[in-house]
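Morning, everyone. I have one chain to show you today. Have a look at it first, then I'll walk through it.

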Amino acid sequence: WLYKYLKTYRLVDLFICPSRFLEKKLTDADSSYNGRTYTIHNFINKPKYVNKEYEQYIVFVGRFSKEKGVELLSKAAKLLREYKFVAVGSGPDEAELYNTENVTLTGFLTGDELSKVMSKAKALIAPSICYENCPLSILEAHSMGVPVITMNSGGMAELVEDGVTGTLIN
């Protein structure tokens, strides 16, 4: 409110947005952003581990919270008992996954450990129910040749070509 009142944002020449989704939200909300936005997706250093031999599991990487879709992850795992799920991370809704037999919790992983787990996965699942701009987990999965199952909304939908680099779900 203060910056809008002081017209601070009018002094900015260009706003860099990590997704076309965010760029559209800005320009739809206030026409003063028109012509002053540009989308550049996040970027990462390509992980070392590109594994051609997949194991039969679907990996989730992120915060175990409602907005990140941990409840949907739990429901999917319970419906798809023939699949093994590996959940990497921690968070307030971790208990949602405790009683799901086919989910293995690894705790929080980074660096080489995370890359090893992600690179061996058959797919990454990113079931966020909130708008995401440009999730790094999707970029990391793609860099390792791992397809992504994610929501057809927000910036997530920009990163996955349905049927080619993964699957978009509603």
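Before the fold, one definition. Helices here are DSSP runs of H or I with at least four residues, strands are E runs of at least two, and both are numbered from the N terminus. Also keep in mind that this is a predicted model.

So what pattern does the chain follow along the sequence? Read it as α-β-α-β-β-α-β-β-α-β-α-β-α-β. That comes to six helices and eight strands.

Some overall numbers. The C-alpha atoms fill a box of roughly 55 × 30 × 30 Å along the principal axes. The chain has 170 residues, and 41% of them are buried. About 10,200 Å² is exposed, with carbon and sulfur atoms supplying 53% of that area. Now contacts. Take those between residues at least 6 apart in sequence: 55% of them join residues at least 24 apart.

Charges next. There are 20 positive side chains and 20 negative ones. The centres of the two sets lie 3 Å apart.

On to the sheet. In what order do the six strands of the open sheet run? The order is 5-4-3-6-7-8, and the pairing is parallel. At the edges sit strand 5, residues 103–107, and strand 8, residues 166–169. Each of those two pairs on one side only. From one strand to the next, the twist averages 25°.

As general background, strands of a sheet pair through backbone hydrogen bonds, either parallel or antiparallel.

Let's zoom in on one pair. Strand 3 covers residues 57–61 and strand 4 covers residues 84–88. They pair in the parallel sense over five bridges. One detail: Phe60 has Ala87 in strand 4 as its bridge partner.

What packs on this sheet? Helix 4, residues 111–119, does. Helix 4 touches strand 3, strand 4 and strand 6, the last being residues 123–126. The direction of helix 4 makes about 140° with that of strand 3.

Last stop, helix 5, residues 136–143. Which of its residues are buried? Ser137, Ile138, Leu139, Ala141 and Ser143. The cover over these buried residues includes strand 3, helix 4 and strand 6. It also includes strand 7, residues 148–151, and helix 6, residues 156–159. Just after helix 5 comes Gly145, with a positive phi of about 80°.

To recap the sheet: six strands, open, parallel pairing. Helix 4 packs on it. Over to you for discussion.

Note on methods: Residues numbered from 1 in each chain as written. Predicted model: local features only at pLDDT ≥ 70, side-chain atom pairs only at ≥ 80, totals over all residues. Heavy atoms only, no water. Buried < 20%, exposed > 50% of the residue type's maximum accessible area, 1.4 Å probe, protein only. Contact = heavy atoms within 4.5 Å. Areas by Shrake-Rupley, 256 points an atom, 1.4 Å probe, with all protein chains shown as cover. Lys, Arg positive; Asp, Glu negative; His and termini not counted. Charge placed at Lys NZ, Arg CZ, Asp CG, Glu CD. Pairing = 2+ DSSP bridges. Axes fitted to C-alpha atoms, helices over the stretch in contact; angles between N-to-C directions.
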